[in-house]
Amino acid sequence: MTQALTGTHLGMNLTVDDLDIENVAFFNWCAKGDFRLQKCTENGLFRYPPTTRCPFSSSPNYDWVSVEAKGTVYSYNEVHHAIQPAFKGKTPYMLLLVELDTQKGRPSEHDGVRVAGNLVTPDGELAPADMVRKVGIGSRMRMVFKKVGDGFALPMWTLDETATQPKTPWRYAQE
C-alpha cells in the first residue's frame, strides 16, 4: 500500500496523495539521494515527470533507473516579485529547467529529459542574489536534494563546481 507523503518547505505544507503512486515513488527515491527516472521497457526511453504511461510508446511498463543528475540550463525564470507568501523576502530566486546529459537529443534532436527545480546553494538553500546573477542558459548544474519530510525530498539545482562553466551564460537583459 502506498503512503501519502507530507512535508514542509519554507513554511508551506506539501502533500503527494497516496493515489499518485509514480510521484510517491519518485520523491521516495529523492529522499534517499538517488535520482531515478522511469525508463520504458518497450523503447528504452526515460521520461519526466513521472507518469503512468510512456509519452512515446504509450506503454505502461517501466523500470526505475538511477541516472546522473547533471545537465545544462535550458531555460530559466528569475522571480523578483514573489506571489507566494513563503517566497517573499527570498527574491530574487530562480526556477531552472535543466536538460539532463542523460538521453540528450533523443528520441529526436529537439528532445531531451528536462527537469525543473529551484537554484540553490550546495546545501539546498535558495541561492543568494550574487549566485542568481551568475546563472543563465548554458550554465552547468548538478542536482541536490532538499529533505522536506519523512521519505520526501525535492530535487533542486546548484552550480556544478566540477564542470567548466560558460564565461557568460545567456541571460535576459538586466535592469
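Helices here are DSSP runs of H or I with at least four residues, strands are runs of E with at least two, and both are numbered from the N terminus. This is a predicted model, in which local features need pLDDT of at least 70, side-chain atom pairs count only at pLDDT 80 or more, and totals for chains, interfaces and linings use all residues. Residues are numbered from 1 along each chain as its sequence is written, and side-chain values use heavy atoms, with hydrogens and water left out.

**View 1. The whole chain, with two helices and ten strands.** From one end of the sequence to the other, the pattern reads β-β-α-β-β-β-β-β-β-α-β-β. The radius of gyration (over C-alpha atoms) is 17 Å, close to the 16 Å that the globule rule (2.2 Å times the number of residues to the power 0.38) gives for 175 residues, so the protein is as compact as a globular protein of that length. Its C-alpha trace spans about 50 × 40 × 25 Å along the principal axes. As for cover, 44% of the 175 residues count as buried, meaning under 20% relative accessible area with a 1.4 Å probe and protein chains only.

**View 2. Helix 1 and what packs over it.** Helix 1 covers residues 21–31, and its buried residues are Glu-22, Asn-23, Val-24, Phe-26, Phe-27 and Cys-30. Their cover includes strand 1 (5–9), strand 2 (12–16), strand 3 (36–40), strand 5 (62–66), strand 9 and strand 10, going by contacts, that is, heavy atoms within 4.5 Å. After the helix comes Gly-33, with a positive phi near 75°.

**View 3. The largest nonpolar core, 42 residues.** A core of this kind is a set of buried Ala, Val, Leu, Ile, Met, Phe, Trp, Tyr and Cys residues joined through side-chain atoms within 4.5 Å. Phe-35, Leu-96, Leu-119, Met-141 and Trp-157 have the most contacts inside it. At least two core residues come from each of strand 2, helix 1, strand 6 (70–79), strand 7, helix 2 (129–132), strand 9 and strand 10. Zoom in on Met-141 and, beyond four places in sequence, you'll find it touching a list of residues that includes Leu-96, Val-98, Leu-119, Val-135 and Trp-157.

**View 4. The hairpin of strand 9 and strand 10.** Strand 9 (residues 140–149) and strand 10 run antiparallel, joined by eight bridges; for two strands to pair, DSSP has to find at least two bridges between them. One of the matches puts Phe-145 opposite its bridge partner Pro-155 in strand 10. Two residues sit between the strands, and Gly-151 takes a positive phi near 70°. Strand 10 (residues 152–159) is mostly covered, with seven of its eight residues buried.

**View 5. Glu-99, a buried residue of strand 7.** Strand 7 runs over residues 93–100, and Glu-99 has a relative accessible area of 8%. Its side chain makes a polar contact of 3.2 Å with that of Arg-114; such a contact is a pair of N or O atoms within 3.5 Å, where one must be able to donate a hydrogen and the other to accept it, and residues adjacent in sequence count only if both atoms are side-chain atoms. Leaving aside neighbours within four places, the contacts of Glu-99 include Lys-70, Tyr-74, Lys-104 and Asp-111.

**View 6. Asp-160, in the segment after strand 10.** Asp-160 counts as buried, at 3% relative accessibility. A polar contact of 2.6 Å links its side chain to that of Thr-162. Not counting residues up to four places away, Asp-160 touches Lys-70, Arg-140, Met-141, Arg-142 and Gln-165.

How values were computed: Buried means under 20% relative accessible area, exposed over 50%, partly exposed in between (1.4 Å probe, protein chains only).
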